[in-house]
Amino acid sequence: MILMNDFQAEPQSLRDAMAAASSRVIASGWYVLGPEVQNFEKQWATACGTEHCLGVANGMDAIELVLRALGIGPGDEVITTPMTAFASALAILRAGATPVFADIDAATGLLSPASVRRCVSPRTRALLLVHLYGQVQGLSEWADWCREAGIALVEDCAQAHLARWDGRAAGSFGIAGAYSFYPTKNLGAIGDGGAVVTQSAELAHRIAQLRNYGQSERYVHPLVGMNSRLDELQAALLAERLRWLPEFTTRRRYVAAAYCDRLRNPAVQLLAAPSQDEAHVHHLFVVTCNSRDALSAHLKQQGVQSLIHYPIPVHQQTPCLSTLRDPQGLPAAESHAQRCLSIPCHPQLSESDIDRVVDAVNSFVPA
Ligand SMILES: *Cc1c(COP(=O)(O)O)cnc(C)c1O
């Protein structure tokens, strides 16, 4: 079976480096928020071109921490997309704020600027922009629009490690960018992990306290914080995996380019190509098909795994059924949820794996 992710196929030298890093941490006797975390934070800030990076427990907390550090909570509205991991919306709910769902652009799966405008109210405090599937689009324009509207731009970069727009990394356009290092992300830990990147020293300072019980100095707690710390083991492993990220990203782009060239099936559509070279890091390669479930079954029968991102848009999940949304509805997100399918696109795919995926998709005939 050609899998959506295949960590066991990663290079032996990476596996050896991770084992050595683990031994180093075990021997160090220091396990949470220490020198390994500081080292990784420095490296990830550099990769993102930001002044600050704070390691946290996961990507969802990263979003919640940014919102809380901005003072966004009960009574405040945060506009976001219903076509995302549930965690994006859950972070808004956990901060005590109200999510407001705008519709997507069917060609990319990303938020529609026109729909976002229809969602603005006097209570709008932030736009949580999700770089879905690893693509960034129009970030300079979004940043300008948010500034003029007096709305904070928060970037959900959980799928967009190393994606760049106008030469700048995802996460460096908004007041902050939230990253996840869940194992399946483009940069993944061997467990949970996340980070906030920001240019704001003030925001970084607040998040450094909020992630650690709201503590300013040992046993002094001026803020109602959380426990959302990155551990030394994950930070050391992430630093090793970061060395490989540029090469792995190049390989994802190669696989995606092969699919764009060679997938030819009138029943299967591709999403729009990115409008800038570095704008897409292909966390997922998503096609759309009116007979999506039959396509998925056909792929499985041909030995190709596939997954749906996402089968139920967030506004149709139980905790969000009565939440605010575009007055014109969310038809593009609802249609996308019924038609989208993610096919394998990871750095360990071989040439013959790519051939097999292409043949499997191209040989599909809808009933
Ligand atoms: C994975 C993901 C998250 C949540 O990250 P966790 O580390 O799993 O908490 C948030 N947003 C998006 C778009 C994601 O893909």
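Glu-64, Arg-68 and Arg-94 are tied together in a network of salt bridges. That's a handy way into this predicted model, which holds 14 salt bridges in total. Beyond those, there's a cavity and a nonpolar surface patch to look at.

**Salt bridges across the chain**
- Asp-326 and Arg-118 pair up through their side chains, at 2.9 Å from N to O. This one links distant parts of the chain: Asp-326 sits in the loop between β12 (324–325) and α10 (331–339), while Arg-118 is in helix α5 (residues 113–119), 208 residues apart.
- Asp-326 is buried, at 2% relative accessible area, whereas Arg-118 is partly exposed at 34%.
- Arg-164 bridges to Glu-278, with the closest N and O atoms 3.9 Å apart. Here strand β6 (residues 164–165) supplies Arg-164, and the loop between β10 (268–270) and β11 (285–289) supplies Glu-278, 114 residues away.
- Both partners count as partly exposed: Arg-164 has 27% relative accessible area and Glu-278 has 39%.

**A bridge between Asp-293 and Arg-292**
- The side chains of Asp-293 and Arg-292 meet at 2.8 Å, N to O.
- Asp-293 is exposed at 54% relative accessible area, but Arg-292 is buried at 8%.

**The cavity**
- The count comes to one cavity of 30 Å³ or more, and the largest cavity holds about 130 Å³ of space.
- Its lining has 17 residues, with Phe-7, Glu-10, Arg-241, Arg-252 and Pro-347 closest to the centre.
- By class, that lining splits into six nonpolar, six polar and five charged residues.

**Nonpolar surface patch**
- Ile-26, Tyr-31 and Val-32 make up a nonpolar surface patch with about 300 Å² of accessible area together.
- Ile-26 belongs to helix α1 (residues 12–28) and counts as exposed because its relative accessibility is 57%, over the 50% cut-off.

How values were computed: Residues numbered from 1 in each chain as written. Predicted model: local features only at pLDDT ≥ 70, side-chain atom pairs only at ≥ 80, totals over all residues. Heavy atoms only, no water. Patch = residues over 30% accessible without salt bridge, like charges linked within 9 Å, V, L, I, M, F, W, Y side chains within 5 Å. Areas by Shrake-Rupley, 256 points an atom, 1.4 Å probe, with all protein chains shown as cover. Salt bridge = Lys/Arg side-chain N within 4 Å of Asp/Glu carboxyl O. Helix = DSSP H or I, 4+ residues; strand = E, 2+ residues; numbered from the N terminus. Buried < 20%, exposed > 50% of the residue type's maximum accessible area, 1.4 Å probe, protein only. 1 Å grid on protein atoms, 1.4 Å probe; cavity = no way out; pocket = protein on both sides within 12 Å on 5 of 7 lines; lining within 4 Å. Points joined across faces, edges and corners; volume = space filled by probe spheres on them. Nonpolar A, V, L, I, M, F, W, Y, C, P; charged D, E, K, R; others polar.
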